[in-house]
Amino acid sequence: MNIGIIGSGELGSGLASKFIKLGHTVSIANSRGPGSLAQIAEEIGAEAATIVEVTKNKKVIIVSIPQKNVRDLPKNLFEQLPEDGVVIDTGNYYPNIRDGAIPALDHSGIDSMWVQGQLGFPVVKVFNSILATSIKDRGRPKGEKDRIALAVSGDDTKAKEVVFKLVNELGFDSFDIGTIAQSWKQQPGSYIYCRDINLGELKKRADAMGTAWSEMRDKILEKRTTWEALMIADYPAYLNELQD
């Protein structure tokens, strides 16, 4: 499968490396241009590309950049994608430590709904609610008891089927959260965010959040703010907090 990745941070480059080892063809791009990616591209076997080039002739595009930078992507970047193209959003909104306040996103409170509107193309949200180190080290064969499950949400059923296949290849189970409007369940502050839990436990925690964003919004956003402060003050303590 031809995969393009926008973003060369720990998650973007880690996914690129994993997918190449699985036999996929991967191009990777960032805001600094292909010259800045020459070394990492050579190390993992990816093709360094511009942001425009990375979207051409691809089945899957992964957007793995800070939320604030989504607005800076070229306009109409995805308008040439075929109808069966898949765009994955891995992002998380952290207004206090990275992104600054984004008023429109603060109003809706649902990260990937805002991203979808910015990109002008349906997105599938996945890989946002797992640490990059877990993607790297904790994939397991299908059927293992403690195989980690990943939350997936999106409006396009066929696109999600493609994502389920990729998640399984990486060594994880998928749990379909529902539409992109339900993607708040996998945002920072939620009961399943960055917890390395199996499918049964993920389903139980997702069900416990119900379906009404209005009822969970304040609790999740408050927890996100608490985590942001902890990440700044004591990152190991933040990681320990995620073990509950």
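Where is the place of Asn57? I looked this up first, bearing in mind that the model is predicted.

**Entry: Asn57 and Phe127**

I found Asn57 in the loop between β3 (47-48) and β4 (60-63). I noted that its phi is positive, about 60 degrees, although Asn57 is not a glycine. Most residues other than glycine have a negative phi. I then asked whether Asn57 is buried or exposed. With a relative accessibility of 71%, Asn57 counts as exposed, because the cut-off for that class is over 50%.

I turned next to Phe127, which also is not a glycine and has a positive phi of about 70 degrees. Phe127 sits in the loop between β6 (123-125) and α6. Its relative accessibility is 2%, so I entered Phe127 as buried.

**Entry: Gln187**

I located Gln187 in the loop between β8 and α8. I recorded Gln187 as buried because its relative accessibility is 1%. Which residues does Gln187 touch, not counting those up to four places away in sequence? I listed Gly109, Ile110, Asp111, Lys125, Asn128, Tyr193 and Trp213. For Asp111 I noted a further detail: its backbone nitrogen lies 2.6 Å from a polar atom of the Gln187 side chain.

**Entry: helix α8**

I went on to helix α8, which covers residues 199-208. At its start, I found a side-chain oxygen of Asn198 within 3.3 Å of the backbone nitrogen of Gly200. Which residues of α8 are buried? I recorded Leu202, Arg205 and Ala206. These residues lie on the same side of α8, because they cover an arc of only 100 degrees around the axis. On the other side of α8, I noted Lys204 and Ala208 as exposed. I then checked what the buried residues of α8 pack against, and entered β7 (149-154) and β8 (173-178). After α8 comes Gly210, with a positive phi near 70 degrees.

**Entry: the largest pocket**

I looked up the volume of the largest pocket, which is about 810 Å³. Its lining is made by 35 residues, and those nearest its centre are Gly9, Glu10, Leu11, Ser64 and Arg98. Which elements give two or more residues to this lining? I wrote down α1 (10-21), α3 (95-99), α6 (132-137) and α10 (235-241). By residue class, I entered the lining of the largest pocket as 19 nonpolar, 13 polar and 3 charged.

**Entry: the second largest pocket**

For the second largest pocket I noted a volume of about 200 Å³. Among the residues that line it I listed Glu10, Ser13, Lys18, Ile44, Ala132 and Lys136. The elements that give two or more residues to this lining are α1 and α6. Which element gives the largest share of the lining of the second largest pocket? I found that α1 does, with 7 residues. I recorded the division of this lining as 4 nonpolar, 4 polar and 4 charged residues.

**Entry: Asp234**

I ended with Asp234, in the loop between α9 (213-233) and α10. Asp234 has a relative accessibility of 36%, so I entered it as partly exposed. How far apart are the C-alpha atoms of Asp234 and Arg32? I noted a separation of 30 Å, for two residues that are 202 residues apart along the chain.

How values were computed
Residues numbered from 1 in each chain as written. Predicted model: local features only at pLDDT ≥ 70, side-chain atom pairs only at ≥ 80, totals over all residues. Heavy atoms only, no water. Buried < 20%, exposed > 50% of the residue type's maximum accessible area, 1.4 Å probe, protein only. Helix = DSSP H or I, 4+ residues; strand = E, 2+ residues; numbered from the N terminus. Arc of directions from axis to C-beta. Contact = heavy atoms within 4.5 Å. Polar contact = N/O pair within 3.5 Å; in protein donor to acceptor, adjacent residues only side chain to side chain. 1 Å grid on protein atoms, 1.4 Å probe; cavity = no way out; pocket = protein on both sides within 12 Å on 5 of 7 lines; lining within 4 Å. Points joined across faces, edges and corners; volume = space filled by probe spheres on them. Nonpolar A, V, L, I, M, F, W, Y, C, P; charged D, E, K, R; others polar.
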